[in-house]
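Trainee: Could you take a close look at the charged side chains with me, and then place them in the fold around them? I'd be happy with one long answer.

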Amino acid sequence: MLDLTKLTTETRNDKTMNLDQMTPAELAAVMNEEDGNVVIAVKEVIPEIATAIEWATESLNRGGRIIYMGAGTSGRLGVLDAVECPPTFGVSPDLVVGLIAGGEGAFLKAVEGAEDSETLGVQELRDLALNKNDIVIGLAASGRTPYVIHGLAYADSIGCKTVAIACNRQSEVGRAAKLAIEPVTGPEVLTGSTRLKAGTAQKMILNMISTGSMVGFGKVYQNLMVDVQQTNEKLVVRAQNITMAATDCTREEAKAALSEADGHVKTAIVMILLGCDAKEAKTHLDAAGGHVRNAL
């Protein structure tokens, strides 16, 4: 029988032994207090997170992809981070990929037994034509999910950089990867419910990896998301605001530049700051690998 007793994420929290007797205010307060431990735990693994950002940036600059894989909450967090990248950074949906055990349907409804498969993750990576330029990041709060472990082992076998994110030290999934990121968030308020602190820690780390790698990939100027996609009215205005913030121009000037640049914020910014037309701005950006600061 599987022994979970040695996993920190499965032990009972002494502060919440009477959780079922707490008032709503007491329950919210203890959860808030425990969530404070997540920030501390993540801070302790900043060096490992920095390495993951470096590796992910290298993969993107080599023409590779970032591929997340996980089961349950961990898988959903990977999918969530992946699907936010195209609208935020203007990248193809194929550049950051989220795999969840059981397929897309498992995002909404659990697929029984999928996380225990030793072949499913491997097959999904093969279906993606995984290659050595890609980086595979496995997510498993407990650190023992077979779907992730065997997927990472396959990725490692073909020369990919591999990263494991778990919330138990010396985890099985960590041993299967070249780099282990293991913030110890401690026992959950609700015993074993790793959608809580463990999930929060994983979400924080994914935020750092995707944002950091996109900065390194030229998708950010200053602290502005200069490849934002204008897919709705709010984002049209945001594109104008970003152009104005980067160049200190008026809204009318921003609108005119964006129109000439076919809505491409980076091009509009370079046009205004260098006093050139869209064609020349694109030439500067291409020569700078898409990095606005270098183009200037």
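**Charged pairs and their surroundings**

Mentor: Let's begin with R65 and D134, whose side chains meet in a salt bridge, with 2.7 Å from N to O. This pair links distant parts of the chain: R65 sits in the loop between α2 and β1, D134 in the loop between α4 and β3, and 69 residues separate them. Both R65 and D134 are buried. Please keep in mind that this is a predicted model.

The loops holding this pair lead us to the sheet. Strand β1 covers residues 66-70, and β3 covers residues 135-139. Five strands make up the open sheet, in the order β2-β1-β3-β4-β5, with parallel pairing. At its edges are β2 (96-100) and β5 (179-181), each of which pairs on one side only. On average, neighbouring strands of this sheet are turned by 20° against each other, direction ignored.

We can follow the pairing strand by strand. β1 is joined to β2 by five bridges, and the two run parallel; here G70 stands opposite I100 of β2. Five bridges also join β3 to β4, again in parallel, and G138 has A164 in β4 as its bridge partner. As for cover, four of the five residues of β4 are buried.

Two helices lie across these strands. Helix α2 (residues 46-61) lies across β1, β3, β4 (161-165) and β5, and runs at about 130° to β5. Helix α3 (residues 72-89) lies across β1, β2 and β3, running at about 160° to β2.

Now back to charge, with a residue that behaves differently from R65 and D134. E124 lies in helix α4, which spans residues 120-127. What is the nearest side chain of opposite charge to E124, and how far away is it? It is R126, at 12 Å, and the buried E124 has no salt bridge. As the cut-off for a salt bridge is 4 Å between a side-chain nitrogen and a carboxyl oxygen, R126 is not a partner for E124. The side chain of E124 does make a polar contact with the side chain of Y147, at 2.4 Å. Leaving out residues up to four places away in sequence, E124 touches L99, I100, G103 and Y147. Here the threads join: I100, one of the residues that E124 touches, is the residue of β2 opposite G70.

Next comes the pair K197 and E34, whose side chains meet in a salt bridge with 2.7 Å from N to O. K197 lies in helix α7 (residues 197-216) and E34 in helix α1, so this pair ties together parts that are 163 residues apart in sequence. K197 counts as buried because its relative accessibility is 2%. E34 is buried as well, with a relative accessible area of 4%.

A further salt bridge joins the side chains of D227 and K219, at 3.1 Å from N to O. D227 is buried at a relative accessible area of 6%, and K219 is buried at 13%. Salt bridges that share partners also join K15, E33, E34 and K197 into one network. Altogether, the count comes to 12 salt bridges.

Helix α1 offers a view of an uncharged residue too. M31 is found in this helix, which runs over residues 24-43. Its relative accessible area is 27%, so M31 is partly exposed. Beyond the residues up to four places away in sequence, M31 touches V189 and L196.

Finally, step back to the whole chain. The protein chain has 12 helices and five strands, and its C-alpha atoms fill a box of roughly 70 × 50 × 35 Å along the principal axes. Of its 296 residues, 48% are buried. Among contacts between residues at least 6 apart in sequence, 64% join residues at least 24 apart. The pairs R65 with D134 and K197 with E34 are good places to see such long-range links in detail.

Methods. Residues are numbered from 1 along each chain as its sequence is written. This is a predicted model: local features need pLDDT of at least 70, side-chain atom pairs count only at pLDDT 80 or more; totals for chains, interfaces and linings use all residues. Side-chain values use heavy atoms; hydrogens and water are left out. Buried means under 20% relative accessible area, exposed over 50%, partly exposed in between (1.4 Å probe, protein chains only). Lys and Arg count as positive and Asp and Glu as negative; His and the chain ends are not counted. A polar contact is a pair of N or O atoms within 3.5 Å; within protein, one must be able to donate a hydrogen and the other to accept it, and residues adjacent in sequence count only if both atoms are side-chain atoms. Contact means heavy atoms within 4.5 Å. Two strands pair if DSSP finds at least two bridges between them. Axes are lines fitted to C-alpha atoms, for helices over the stretch in contact, and angles run from 0 to 180 degrees between N-to-C directions.
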